[in-house]
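Work through the following exercises with the sequence and the model side by side. Each one sets a task and then solves it step by step.

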Amino acid sequence: TQKACELAYLGKQRVTRKKAGKVFIVAASASDLTRSQLTYLQNECQAHIIDVDIRHFLDSDEEQPVEEVIAREIWEISQCNDVFGLRAAGNKEFLIDIKAEAHKRGITQDDIARRITYGLARIARKALQPGINYLKGIYLTGGDMTVAFCRESQVEAIELIDEVQPHISFGTLVGGPLHGIALITKGGLIGETNTVMVCTKYLLNY
């Protein structure tokens, strides 16, 4: 229940029902292909992916109060779901015109993209901080997201082991609190509709 998850988050009790494994999805790409891949994943394995309103991050490089709220929601979902996570602008009403938003603020498009990426990476870090039992692996979409996630999570390196498919890398995290956790990373415009599902199964079977 939600109450049990809240108590677990506070360290007063832990959810102990054993799972075969869990996969944390972090999708920074807002491409149509990424949306279709995640929709397919949700339909096939009842994944619970939270749509993050990226407009929260447009005005500042600083941490935003909403990050803690979203991170806690993701952690609570992780206690009851094997495949869970967050995605940028999964809901089309959250889509933005990066060029227009950058012009409005007198900054570059790269500045806007960086603010969004690091905002999502901070949420991911905060969601993982309390600890997630039976976490088998992390799936990241976007090269910039992979860099931001590793920096936020104090990852020193990624030990590359294999390619799940061409241009889709599999390895383990080196250093920091996530040391040894399996990782798959790919670009937002790579793969077919079922690719994220394939990657999720790969992590669960590792």
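A nonpolar core is a set of buried Ala, Val, Leu, Ile, Met, Phe, Trp, Tyr and Cys residues joined through side-chain atoms within 4.5 Å. The model used throughout is a predicted one.

**Exercise 1. The chain as a whole**

Task: Describe the secondary structure of the chain, and state what share of its residues count as buried.

Solution: Begin with the inventory, which comes to seven helices and seven strands. Reading along the sequence then gives the order of these elements as α-β-α-β-α-β-α-α-β-α-β-β-β-α. Turning to accessibility, 47% of the 206 residues count as buried. As a last step, take the contacts between residues at least 6 apart in sequence, of which 73% join residues at least 24 apart.

**Exercise 2. The nonpolar cores**

Task: Find the largest nonpolar core, say which residues have the most contacts inside it, and identify the element that supplies its largest share.

Solution: The largest core has 40 residues, and Phe24, Ile74, Leu86, Ile138 and Phe149 are those with the most contacts inside it. Next, trace where the core residues come from: strands E1 (22-27), E2 (48-52), E3 (83-88) and E4 (135-141), together with helices H3, H5 and H6 (143-152), each supply at least two of them. Helix H5 provides the largest share, with nine residues. A second core, separate from this one, has 18 residues, among them Ile25, Ile184, Met197 and Cys199.

To follow one member of the largest core in detail, take Phe24 and leave out residues up to four places away in sequence; its contacts then include Ile74, Leu86 and Ile138, and also Ala124, Ala127 and Leu128.

**Exercise 3. Helix H3 against helix H5**

Task: Classify the packing of H3 against H5 as parallel, antiparallel, perpendicular or oblique, and list the residues that make the contact.

Solution: First take the geometry, in which H3 (residues 65-78) and H5 (residues 109-128) pack at an angle of about 50° with their axes 8 Å apart. This angle makes H3 oblique to H5, and the crossing is right-handed. From H3, the contact is made by Glu67, Glu68, Ile70, Ala71, Ile74 and Trp75, while H5 contributes Gly119, Arg122, Ile123, Lys126 and Ala127. Sorted by class, the contact has six nonpolar, one polar and four charged residues.

Now examine Gly119, which lies in helix H5. Gly119 counts as buried because its relative accessibility is 0%, and the cut-off for buried is under 20%. Not counting residues up to four places away in sequence, Gly119 touches Phe57 and Glu67. The C-alpha atoms of Gly119 and Glu67 are separated by 7.6 Å, although these residues are 52 apart along the chain.

**Exercise 4. Helix H5 against helix H6**

Task: Describe how H5 crosses H6, and decide whether Thr117 and Asp144 are buried or exposed.

Solution: The axes of H5 and H6 come within 9 Å and cross at roughly 45°, which makes H5 oblique to H6. The crossing here is right-handed. On the H5 side the residues in contact include Thr117, Tyr118, Leu120 and Ala121, and on the H6 side they include Asp144, Met145, Val147 and Ala148. By class, this contact has nine nonpolar, one polar and five charged residues.

Thr117, at 11% relative accessibility, counts as buried. Asp144, by contrast, is exposed, with a relative accessible area of 60%. Thr117 touches Asp144 along with Met145 and Ala148, when residues up to four places away in sequence are not counted. Asp144 can also be placed relative to Ala28, which is 116 residues away along the chain, with 8.5 Å between the two C-alpha atoms.

**Exercise 5. Positive phi in two loops**

Task: Locate Gln46 and Tyr134, and give the phi value of each.

Solution: Gln46 lies in the loop between helix H2 (32-45) and E2. Its phi is near 55°, a positive value in a residue other than glycine, and Gln46 counts as exposed at 68% relative accessibility. Tyr134 is found in the loop between H5 and E4. Tyr134 is not a glycine either, yet has a positive phi of about 65°. With 31% relative accessibility, Tyr134 counts as partly exposed.

Conventions: Residues numbered from 1 in each chain as written. Predicted model: local features only at pLDDT ≥ 70, side-chain atom pairs only at ≥ 80, totals over all residues. Heavy atoms only, no water. Axes fitted to C-alpha atoms, helices over the stretch in contact; angles between N-to-C directions. Helix = DSSP H or I, 4+ residues; strand = E, 2+ residues; numbered from the N terminus. Parallel < 35°, antiparallel > 145°, perpendicular 65-115°, else oblique. Left-handed = near helix turned anticlockwise from the far one by under 90°. Contact = heavy atoms within 4.5 Å. Nonpolar A, V, L, I, M, F, W, Y, C, P; charged D, E, K, R; others polar. Buried < 20%, exposed > 50% of the residue type's maximum accessible area, 1.4 Å probe, protein only.
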